[in-house]
Amino acid sequence: MCSCHQEGVRCAEMAMVCLTDFEEYAKEHLSKATWDYYAAGADECCTRDDNLLAYKRIRLRPRILRDVSVSDTRTTVQGTEISFPVGIAPTAFHCLAWHEGEVATARATEALNTCYITSTYSTCSVEEIVAAAPSGYRWFQLYVYRERKLSEQLVHRVEALGYKALVLTVDVPYTGKRRNDIRNQFRLPPHLKVKNFEGVFQQETSVPEEYGIPANTLDPSISWKDIHWLQSITRLPIIIKGILTKEDAEVAVEHGVQGIIVSNHGGRQLDGGPASIDALAEIVETVAGRIEVYVDGGIRTGSDVLKALALGAKCVFIGRPAVWGLAYKGEEGVREVLQILNDEFRLSMALSGRSDARGLAAQTETAEITTFTVSFLSVTNDLTQVAET
């Protein structure tokens, strides 16, 4: 009998120690179609998998005798202080994982005082999310639709509700080919809806559906001129999600956006593109502190957070791990996921000789790595050094 059989405690109720524990629980308890949807990458899933492997190629060079008796994980994003540099990336359909869905996610991020990027494709409405966590710090993720009024109406709704930024996702002119979703003929179950569009498409029920709304709704003609259009209809800061090259980062800065999320959409769009963390350094160097740079994709440990900040990210965002937390225990599960990452990040900082998260991200203001040396293998297996200054 294993040691956890004490006072009626079952092995299945053992403490969750790391994010992998939540992943395993979710895989076991979610339906196959739901698990496949969340886990999906595009085509052969090479980019999805490389998001994780890329972090394992990075090695930290710790400094010792630095007095880490007191540590501070706080940072700021877009001028607002959060408790630690990990937020929730926009992920769709949280009600597939837990009956309260995005409402539970919002409460968890409010409790831990960090940033939640609400997805357009939420199964709770933006109004329900705000009502559930009125003090939470939220950004809203936006797509541009062929019918521009749909996007415009969403922008006005979230601005009125107190969302603090728009996160424009720019890497989905078309949806990537996710093979298991095709095999499973994935559809939202009848009791769930994309709540932000509730009632909008009722007249188009005969049109084929793609992830909860009529197919071909997204506008593949979106271009840089649409940044100006978006700026003309809102006063909210605009953050572009889906940039992977220094060339596009420079154009983004020239168009007056307030932030970039270095992202390959969790490997769900173009298969064969770079891991997000591998694209980060050149974008940070190009931006040179003019706007804030964030990253998502592949973060699974506190040391991953540390590596991303050392390479210039102001904050990281997690997607799938939040859903795993929901599948485990709803709001409590998401809180546990975030708390584990916070604790691991604090420990990794201390063991590397750093005590202040804001010091780690300081290089975003100077375009230099001012923390500690990080060595990593590039895609071409050349040893790249980022030297301490």
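**Nonpolar cores.** I began with the largest nonpolar core of this predicted model, which has 102 residues. I looked up which of them have the most contacts inside the core, and they are Phe93, Tyr121, Ile260 and Leu280. I then asked which element gives this core its largest share, and found helix α13, residues 331-351, with seven residues. Apart from this core I noted another, of 14 residues, among them Cys115, Tyr137, Ala165 and Tyr294. As background I keep in mind that nonpolar side chains tend to be buried together in soluble globular proteins.

**Tyr121.** I listed the neighbours of Tyr121, leaving out residues up to four places away in sequence, and the list reads Ala92, Phe93, Glu102, Tyr143, Tyr145, Val194, Tyr211, Ile213 and Leu218. Phe93, which Tyr121 touches, is also one of the residues with the most contacts inside the largest core.

**Thr91.** I next turned to Thr91, which is found in the loop between β4 (86-88) and α4 (102-112). Is Thr91 buried or exposed? Thr91 counts as buried because its relative accessibility is 17%, and the cut-off for buried is under 20%. Its side chain makes a polar contact with the side chain of His94, at 2.6 Å. Not counting residues up to four places away in sequence, I found that Thr91 touches Ser119, Gly319 and Val323.

**Cavity.** I searched for enclosed space and found that the structure holds one cavity of 30 Å³ or more; about 50 Å³ of space lies in the largest cavity. I wrote down its lining as Tyr143, Val144, Thr169, Val170, Val172, Pro173, Leu218, Asp219 and Ile222, and these residues divide into seven nonpolar, one polar and one charged. Two of the lining residues, Tyr143 and Leu218, also appear among the residues that Tyr121 touches.

**Positive phi.** I finished with two residues that have a positive phi although neither is a glycine. For Asp67 the angle is near 55°, and the residue is found in the loop between β1 (58-60) and β2 (75-77). Asp67 counts as exposed because its relative accessibility is 59%, and the cut-off for exposed is over 50%. For Gln78 phi is about 50°, and this residue lies in the loop between β2 and β3 (80-82). With a relative accessible area of 22%, Gln78 is partly exposed, so I entered Asp67 as exposed and Gln78 as partly exposed.

Key. Residues are numbered from 1 along each chain as its sequence is written. This is a predicted model: local features need pLDDT of at least 70, side-chain atom pairs count only at pLDDT 80 or more; totals for chains, interfaces and linings use all residues. Side-chain values use heavy atoms; hydrogens and water are left out. Helices (H or I, at least four residues) and strands (E, at least two) are DSSP runs, numbered from the N terminus. Buried means under 20% relative accessible area, exposed over 50%, partly exposed in between (1.4 Å probe, protein chains only). A nonpolar core is a set of buried Ala, Val, Leu, Ile, Met, Phe, Trp, Tyr and Cys residues joined through side-chain atoms within 4.5 Å. Contact means heavy atoms within 4.5 Å. A polar contact is a pair of N or O atoms within 3.5 Å; within protein, one must be able to donate a hydrogen and the other to accept it, and residues adjacent in sequence count only if both atoms are side-chain atoms. On a 1 Å grid over the protein atoms alone, a cavity is a set of points where a 1.4 Å probe fits but cannot get out, and a pocket is an open set with protein on both sides within 12 Å along at least five of seven lines; lining residues have an atom within 4 Å of a point. Grid points are joined across faces, edges and corners, and a volume is the space filled by probe spheres set on the points. Ala, Val, Leu, Ile, Met, Phe, Trp, Tyr, Cys and Pro count as nonpolar, Asp, Glu, Lys and Arg as charged, and the others, Gly among them, as polar.
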